[in-house]
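Student: Got a minute to go through a structure with me? I'd like to start with what counts as buried and then look at the charged pairs.

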2 protein chains.
Amino acid sequence: MNLLDNKKEMSRRDMLINGGKVAAVTAVAAMGVLQTVKKSEAYENTGAATYKYLKLDPQEVAQSTYENYFKRWCTSSVIAGFAENLKKKGAAGWNDFPIDAYRWAHGGFAGWGALCGTMPGAGIVIGLVTKDTDVAEAMTNDLAFYYSYTDLPSFVPAKVLKAPIKHMTMAGTPVCHISVGKWMRAEGVAFLSNERQERCARLAANVAAEATTMLNTYYVDGTYKPKHKPLYNVLANGITSQNNCSDCHGQSVPSPRETYESLEK
Amino acid sequence: MNLLDNKKEMSRRDMLINGGKVAAVTAVAAMGVLQTVKKSEAYENTGAATYKYLKLDPQEVAQSTYENYFKRWCTSSVIAGFAENLKKKGAAGWNDFPIDAYRWAHGGFAGWGALCGTMPGAGIVIGLVTKDTDVAEAMTNDLAFYYSYTDLPSFVPAKVLKAPIKHMTMAGTPVCHISVGKWMRAEGVAFLSNERQERCARLAANVAAEATTMLNTYYVDGTYKPKHKPLYNVLANGITSQNNCSDCHGQSVPSPRETYESLEK
C-alpha cells in the first residue's frame with residue numbers, strides 16, 4: 001500500500017473530517033512512504049552498547065539540571081543532569097561525556113529561537129541509550145507534546161538560585177522564541193533578566209524529569225509505549241509541523257488537500 | 001559594566017535607531033549579562049581530545065551526506081557525511097560513531113518542524129571537534145545565516161537518486177516547516193513526494209559542505225573568524241530570535257523598548 005494507490009479513493013470529505021486533518025486512510029498510506037527505509041541499518045543506534053542507562057530519580061536529575069543551567073545553558077544543562085547522575089550510579093559511557101560539546105543548541109540553535117534547547121539536550125541522552133531508533137522517535141515526540149501542552153515551569157528548586165518567579169505558561173509549540181516570549185509577557189520581564197534565566201533553568205529541569213520518567217519505564221520494561229502517535233503532525237498536516245497553525249497562518253491555514261492535490265499532477 | 005548601570009543613559013531614539021533594533025550600547029551592556037559565566041568549565045569541550053578533525057573535501061562530504069539521506073534523514077545524514085570521510089582519513093573518534101543515535105532531530109525534532117535537522121547534524125560534529133565552545137557558537141551562528149539567506153539547495157549530486165528538481169528557495173529562517181513549505185510551494189509538490197526528499201537530501205549536502213569549509217579553516221588556521229556576530233539576534237531583538245519578525249508578527253512586531261522597559265520596574 002502506498003500513497004498513490006490510495007489517492008483515487010479519497011473524497012474531499014475524507015480529508016476535511018477531524019477538524020481539517022487528513023483522514024486515517026491517508027495517514028496509513030503516508031506511513032508507507034515514510035517507512036520505505038524501515039529495518040535498515042539506520043534504525044539501530046550502535047551507541048547503545050557504549051552508553052548505558054540505569055534507573056534514576058527524576059527529581060534528582062531535575063535538580064542537577066537546574067543547578068547546571070546557570071553556567072551551561074539549556075541543552076548542556078539537561079545533558080549534565082543525566083550525566084552527573086548516571087556517572088554517580090556507575091552507568092557505562094558517562095564518566096568523561098563531553099557535556100559542553102552541545103552548548104551551541106542553546107536558545108533554539110545559537111540563540112536563533114528555533115527548537116528550545118532543553119529538548120535536544122534530552123534527545124541526545126535518549127538517542128544514545130536506546131537501541132531501536134523508533135523508541136527515541138516516540139520518546140522525543142512525546143516530549144514535544146509534553147513541552148507544548150503543559151503549564152511550565154512547574155519544577156520547584158531546593159533553593160532558588162537566581163530570582164523568585166510567579167508564572168507558568170503553556171507554549172503550544174516546541175519553538176524557543178514563542179515559548180519564552182509568552183512567558184516573558186506573562187511575567188513582565190525581559191530576556192536578559194534574572195527571572196528569565198530562572199524560568200529557563202526550571203523548564204530545563206522539568207524536561208529532564210519527564211525524560212527520566214520515560215527512560216525509567218524503558219529500563220524497567222525493556223520497551224516504551226508511546227503516549228502519542230509518532231509522526232502524527234507530519235501525517236495530519238501534510239508537512240513537518242506543530243499543531244498551532246493559526247498562530248502564524250491566521251485564518252489562511254493551507255489545507256492538506258492543497259498539498260495532496262499536488263501529488264495528482 | 002552591566003545592563004542596569006546603563007539603562008538611565010538610554011534614550012528612546014538610541015533604542016529605535018538601526019531599523020528598530022536596540023543600539024550598540026545596549027548590545028555591549030547585554031553581553032555583560034550573557035557572559036557572566038564566561039571562562040567557566042562550561043566553555044571547554046572536553047570531547048575535543050577524543051574526536052579529531054582532518055581536512056576534508058567539502059564536495060565529498062556533501063556527496064556522502066546526499067547518499068545517506070534516503071535511509072538516515074537529515075540530521076544523521078550530515079553526521080554520516082562527516083563520519084564516513086573522517087573514518088576514511090583515519091581521524092580518531094569516528095570509527096564506531098553512533099550516527100543514528102541522533103535520528104530523532106529529523107524534520108525539526110521528530111517531525112515537529114522546528115529547527116531544520118541538517119543544522120544540528122552539522123552542530124554535533126562541529127561541537128565535538130572544536131575545543132573552545134565559543135568557536136562552535138560562532139560556526140553554528142554563521143551556519144544559520146548561511147541556511148537562512150542562501151538560495152538552496154544548490155548542490156548537484158553525481159547521480160540523481162530520487163527525482164529531478166527545479167527550484168531553489170531562500171528560507172529566511174532556520175525553521176524546517178517554513179523552509180520546506182516555501183520550497184514545496186515553489187516546486188508545486190507535496191511533502192510525501194520524491195521531489196521533496198530529493199530537495200532535503202541536497203539541502204543536507206549543502207549544509208554539510210558549508211560546515212566542512214568552516215572546519216577546514218579552523219583545522220588549517222587553528223582558529224575561526226566569525227562572519228556574523230555571535231548572539232547578534234538575541235542582542236538586536238531582545239529575545240532569542242530570527243530576523244524575519246514580520247513573517248509571524250505582521251505589522252505588530254514587539255519593540256525591544258517594550259522588553260527593555262520591563263527591566264525598569
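Tutor: Sure. Let's settle the word first: a residue is buried when its relative accessible area is under 20%, exposed when it is over 50%, and partly exposed in between. Keep in mind that this is a predicted model.

Student: OK, so is Arg202(A) buried or exposed?

Tutor: Arg202(A) has 9% relative accessibility, so it counts as buried.

Student: And which side chain does Arg202(A) meet in a salt bridge?

Tutor: That would be Glu198(A), with an N to O distance of 2.8 Å. Glu198(A) is at 0% relative accessibility, so it is buried.

Student: Where do those two sit in the chain?

Tutor: Both are in helix α8 of chain A, which covers residues 194–221. They are four residues apart there, so about one helical turn separates them.

Student: Why can side chains like that pair at all?

Tutor: Opposite charges can pair when the charged atoms come close.

Student: Let's zoom out. How many helices and strands are there in chain A?

Tutor: Chain A has 11 helices and zero strands. Reading along the sequence, you go α-α-α-α-α-α-α-α-α-α-α.

Student: What share of chain A is buried?

Tutor: 62% of its 265 residues count as buried. The chain exposes about 10,700 Å², and 53% of that comes from carbon and sulfur atoms.

Student: What about contacts between residues far apart in sequence?

Tutor: Take the contacts in chain A with a separation of 6 or more: 70% of them are between residues 24 or more positions apart.

Student: Back to charges. How many salt bridges are there over all chains?

Tutor: Six, searching the whole structure. One of chain A's is between Lys227(A) and Glu210(A), at 3.4 Å from N to O. Here Lys227(A) is in the loop between α8 and α9 (232–237), while Glu210(A) is in helix α8, 17 residues apart.

Student: Which of those is buried and which is exposed?

Tutor: Lys227(A) is exposed, with a relative accessible area of 58%. Glu210(A) counts as buried at 17%.

Student: And in chain B, what does Glu210(B) meet?

Tutor: Glu210(B) forms a salt bridge with Lys227(B), 3.4 Å from N to O. Glu210(B) lies in helix α8 of chain B and Lys227(B) in the loop between α8 and α9, so the pair ties together parts that are 17 residues apart in sequence. Glu210(B) is buried at 17% relative accessibility, whereas Lys227(B) is exposed at 58%.

Definitions and conventions
Residues are numbered from 1 along each chain as its sequence is written. Chains are lettered from A and ligands numbered from 1 in the order in which they are written. This is a predicted model: local features need pLDDT of at least 70, side-chain atom pairs count only at pLDDT 80 or more; totals for chains, interfaces and linings use all residues. Side-chain values use heavy atoms; hydrogens and water are left out. Buried means under 20% relative accessible area, exposed over 50%, partly exposed in between (1.4 Å probe, protein chains only). Contact means heavy atoms within 4.5 Å. Accessible areas come from the Shrake-Rupley method with a 1.4 Å probe; for residues, only the protein chains shown count as cover. A salt bridge is a side-chain nitrogen of Lys or Arg within 4 Å of a carboxyl oxygen of Asp or Glu.
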